[in-house]
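Work through the exercises below with the coordinates open. Try each task before reading its solution.

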Amino acid sequence: MVRLDCSGVAFGSQLDERHLFEWAMQIPGVLRWEQDIFIVKSLNLSQASLRDLLALFSRYQISMSQLAQFRNARNEAWFAAPRMYWHAKVFG
C-alpha cells in the first residue's frame with residue numbers, strides 16, 4: 001500500500017473539504033482516507049487514476065512530489081514528459 005500525505009490543505013468550506021474526500025474515493029485504486037493520508041492500493045495505477053490524482057493534488061495544492069513514485073515503464077512517456085503542467089511539481 002502507498003500512503004500519500006495530504007496534510008496542510010486549506011479548505012474554503014466544509015463542503016470543499018467533503019468534495020476532496022468524495023472525489024478521492026471515486027478514483028480506482030484509492031482505498032481509504034486515514035486522517036490526513038490517502039491510502040492507495042499499489043504503485044500500479046491506471047493512467048486515468050494517476051491523472052485524477054494529479055488533478056486532485058494540483059487543485060488542492062497537495063505536495064505533488066510524492067506522486068513521482070508512480071512513475072514506471074508503462075507510464076513514463078506521458079507522466080514524466082517535461083511538457084506536462086505537473087512535471088516540475090512532481091519531478092522537481
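**Exercise 1.** Which residue of strand 3 stands opposite Val30? Then place strand 3 among its partners.

Solution. This is a predicted model.
- Step 1: Val30 faces Val40 in strand 3.
- Step 2: Strand 2 (residues 30–34) is joined to strand 3 by four bridges, and the two run antiparallel.
- Step 3: Turn to strand 1 (residues 2–5). Strand 1 also pairs with strand 3 in the antiparallel sense, over four bridges. There, Arg3 has Ile39 as its bridge partner.
- Step 4: Check the hairpin of strand 2 and strand 3. Two residues lie between the strands, and Gln35 has a positive phi near 55 degrees.

**Exercise 2.** Which way do the residues of strand 3 point, and are they buried or exposed?

Solution.
- Step 1: Ile37 and Ile39 point one way from the strand.
- Step 2: Phe38 and Val40 point the other way.
- Step 3: All four are buried.

**Exercise 3.** Is Gln14 buried or exposed?

Solution.
- Step 1: Locate Gln14 in helix 1 (residues 14–25).
- Step 2: Its relative accessible area is 71%. The cut-off for exposed is over 50%, so Gln14 is exposed.
- Step 3: For scale, the C-alpha atoms of Gln14 and Met25 are 17 Å apart.

**Exercise 4.** Which residues touch the most other members of the largest nonpolar core?

Solution.
- Step 1: The core has 27 residues; Leu4, Phe38, Leu54, Phe57, Leu67, Phe70 and Phe79 touch the most other members.
- Step 2: Strand 1, helix 1, strand 3, helix 2 (47–59) and helix 3 (76–79) each supply at least two residues.
- Step 3: Helix 2 gives the most, with five.
- Step 4: Beyond four places in sequence, the contacts of Phe79 include Leu50, Trp86, Val90 and Phe91.

Conventions
Residues numbered from 1 in each chain as written. Predicted model: local features only at pLDDT ≥ 70, side-chain atom pairs only at ≥ 80, totals over all residues. Heavy atoms only, no water. Buried < 20%, exposed > 50% of the residue type's maximum accessible area, 1.4 Å probe, protein only. Pairing = 2+ DSSP bridges. Core = buried A, V, L, I, M, F, W, Y, C linked by side-chain atoms within 4.5 Å. Contact = heavy atoms within 4.5 Å.
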